[in-house]
Amino acid sequence: VDGTLAWTPNAFNTVLLNTGWNRLTHDAFPMERLDWSLTHKGDYDFGQTQIRAFGDQIKNEVGNVSGQKNPNKATNAAVDGRVTLPWEAARQTITIGGEWRRQKLDDPANLKGLPGTASYGQNTTTQVDQRALFVEDEVKLTQALRLTVGDRYDDHENFGGHHSPRAYLVFRATPNITFKAGAAKAFRAPTLLQNSPNWGSVSCGSATTGCYIIGSTELKPETANSKELGVRAEYDRFSAGVTVFRNDLKNMIDISSRTRDVTLAPTYSNFVGFLPDGRPIFRYQNIAKVRSQGVETNARFQLSDKIDLTANYTYLDSKNRSNPVELAMIYQPKHSANATVNVRPTKAWSLFATWNYVGEQFLAVYTNAAYNVKREGYGTVDVGAAYALDAATTVRFGVLNSADKAIKRETSDEYN
């Protein structure tokens with residue numbers, strides 16, 4: 001259930017109040033979420049403004065371990081705002097803004113620390129604050145050439161200040177052909193759980209004979225350098241785009257390195273020790289260097305006045321470059337694609353069919369490739385329709401994964 005109340009006292013001001021509630025039960029795990037936001041938008045002679053306060057509360061009623069009841073509650077609150085200032089004389093548009101965020105988690109079951117220690121169960125709540133300022137300047141160098149530069153400064157409670165500059169160039173070579181190029185730096189701090197040594201959770205497929213994972217104060221924030229180069233063509237009945245990209249990530253946050261094998265566990269770099277019952281403990285760690293590069297493509301074909309086809313394809317080559325021998329990254333398929341056919345047999349009716357493809361991917365990767373776990377590629381088909389009752393009301397319905405395709409987990413590294 002979701003609703004928005006809009007108030008426009010005059011042509012210059014708009015106030016929006018939104019609230020929503022939803023409840024989801026996945027298998028035997030019910031979750032409830034309440035969210036809200038209050039937004040003011042201004043459109044004045046000097047420019048546009050927006051300020052927004054928003055947040056949510058998520059209640060996990062039984063936790064995430066089958067057969068146990070471990071409720072937890074997460075609360076998020078934020079305020080952000082921006083002002084956009086057109087500067088016609090200098091052919092520029094400047095945007096200045098900032099934000100404040102607070103995350104809080106109360107988890108009596110998983111924020112107790114390590115079982116068997118003196119401090120176990122004494123502090124089950126954690127929170128963190130983060131602030132940011134940003135500025136962006138869009139410059140029209142010529143009628144066909146536009147440059148956007150900007151910087152974001154994040155001030156994190158646990159990790160201090162970080163700059164994230166970016167620059168993007170757009171060149172419209174002809175009315176139909178546009179070239180784009182950009183480069184940016186990015187910063188992402190560990191989440192509350194990843195950074196909290198008091199947080200722990202069962203893993204490796206079992207709550208009794210598996211392993212145990214915990215957060216870590218030794219984590220460093222992720223930083224990334226990304227570059228991309230693209231071209232797009234737009235015509236009446238055809239459009240297409242190709243983008244080549246490369247992302248170099250440092251200190252990627254990871255927990256894929258873990259095992260229930262008590263003999264093998266001490267050889268892992270993020271091994272911490274053993275619980276009193278003998279299960280091995282692993283902490284979140286940073287992977288020094290990760291490189292992701294590839295190509296994204298998309299196209300649209302207007303086959304007739306009533307039929308159109310859209311499609312996209314992505315090739316992704318993602319490697320862990322921290323060791324002398326590069327290793328593939330898990331859960332990152334090299335090939336993925338989507339294709340959709342839309343048909344409008346009448347003015348009121350529209351029909352669609354979508355094919356979704358996820359290519360072969362690794363579920364576990366080791367220095368000895370003989371132990372790697374791989375999942376083959378798979379595809380699903382969605383179908384649906386929409387009917388316009390009148391100019392203001394449309395009913396939509398459909399079936400996702402219409403063939404009811406399912407792939408069940410066979411090992412602890414997999415997922416359903």
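In strand β6 of this predicted model, I96 is the bridge partner of V83. That pair is part of a longer run of contacts: β5 (72-87) and β6 (92-106) line up in the antiparallel sense over 15 bridges. The two strands make a hairpin, with 4 residues between them. One residue in that turn, R91, has a positive phi of about 55 degrees. As background, strands of a sheet pair through backbone hydrogen bonds, and they can do so either parallel or antiparallel.

β5 also pairs with β4 (48-60). Here 13 bridges do the joining, and β4 and β5 again run antiparallel. To pick out one spot along this pairing, A53 stands opposite V79 in β5.

Back in β6, L105 is worth a look. Is it buried or exposed? Its relative accessibility is 8%, and the cut-off for buried is under 20%, so L105 counts as buried. L105 and L24 lie 81 residues apart in sequence, and their C-alpha atoms are 19 Å apart in space.

Further along the chain comes another hairpin, this time joining β9 to β10 through 4 residues. Strand β9 covers residues 160-172, and its antiparallel pairing with β10 runs over 7 bridges. Within that pairing, F171 has F179 of β10 as its bridge partner. β10 (177-188) has a further partner in strand β13, which covers residues 222-234. These two strands also run antiparallel, joined by 12 bridges. An example from this pairing is I177, whose bridge partner in β13 is A233.

F179, then, sits in strand β10. How much of F179 can be reached from outside? Its relative accessible area is 38%, and partly exposed covers the range between under 20% and over 50%, so F179 is classed as partly exposed. Along the chain, F179 and R232 are 53 residues apart, yet their C-alpha atoms are separated by 6.5 Å.

Next comes a pocket. A handy idea here is that rolling a probe the size of a water molecule over the atoms shows where empty space is left. The second largest pocket of the model has a volume of about 460 Å³. Which residues come closest to its centre? Of the 26 residues in the lining, they are N76, E99, R101, Q103 and Q130. Strands that have already come up contribute to this lining: β4, β5, β6 and β10 each supply at least two residues. The same goes for β3 (29-43), β7 (125-140) and β8 (145-156). As for chemical character, the lining divides into 8 nonpolar, 8 polar and 10 charged residues.

Elsewhere in the model there is an open sheet of 4 strands, in the order β11-β12-β16-β15 and with mixed pairing. Which strands stand at the edges? They are β11 (200-203) and β15 (271-274), and each has a single partner strand, so one side of each is left without a neighbour in the sheet. Neighbouring strands of this sheet are turned against each other by 30 degrees on average, with direction ignored. For β15, pairing with strand β16 (residues 280-283) is antiparallel and runs over 3 bridges. F274 takes part in this pairing, with P280 of β16 as its bridge partner.

The structure also holds 1 disulfide. It is formed by C204 and C211, whose sulfur atoms are 2.0 Å apart. The angle about the S-S bond is 80 degrees, and the link is right-handed. Are these cysteines buried or exposed? Both C204 and C211 are buried.

Finally, the overall picture. The protein has 1 helix and 25 strands. Its C-alpha trace spans about 65 × 50 × 45 Å along the principal axes. Of the 416 residues in the protein, 31% are buried, with L105, C204 and C211 among them.

Conventions:
Residues are numbered from 1 along each chain as its sequence is written. This is a predicted model: local features need pLDDT of at least 70, side-chain atom pairs count only at pLDDT 80 or more; totals for chains, interfaces and linings use all residues. Side-chain values use heavy atoms; hydrogens and water are left out. Two strands pair if DSSP finds at least two bridges between them. Axes are lines fitted to C-alpha atoms, for helices over the stretch in contact, and angles run from 0 to 180 degrees between N-to-C directions. On a 1 Å grid over the protein atoms alone, a cavity is a set of points where a 1.4 Å probe fits but cannot get out, and a pocket is an open set with protein on both sides within 12 Å along at least five of seven lines; lining residues have an atom within 4 Å of a point. Grid points are joined across faces, edges and corners, and a volume is the space filled by probe spheres set on the points. Ala, Val, Leu, Ile, Met, Phe, Trp, Tyr, Cys and Pro count as nonpolar, Asp, Glu, Lys and Arg as charged, and the others, Gly among them, as polar. A disulfide is a pair of cysteine sulfur atoms within 2.5 Å. Buried means under 20% relative accessible area, exposed over 50%, partly exposed in between (1.4 Å probe, protein chains only).
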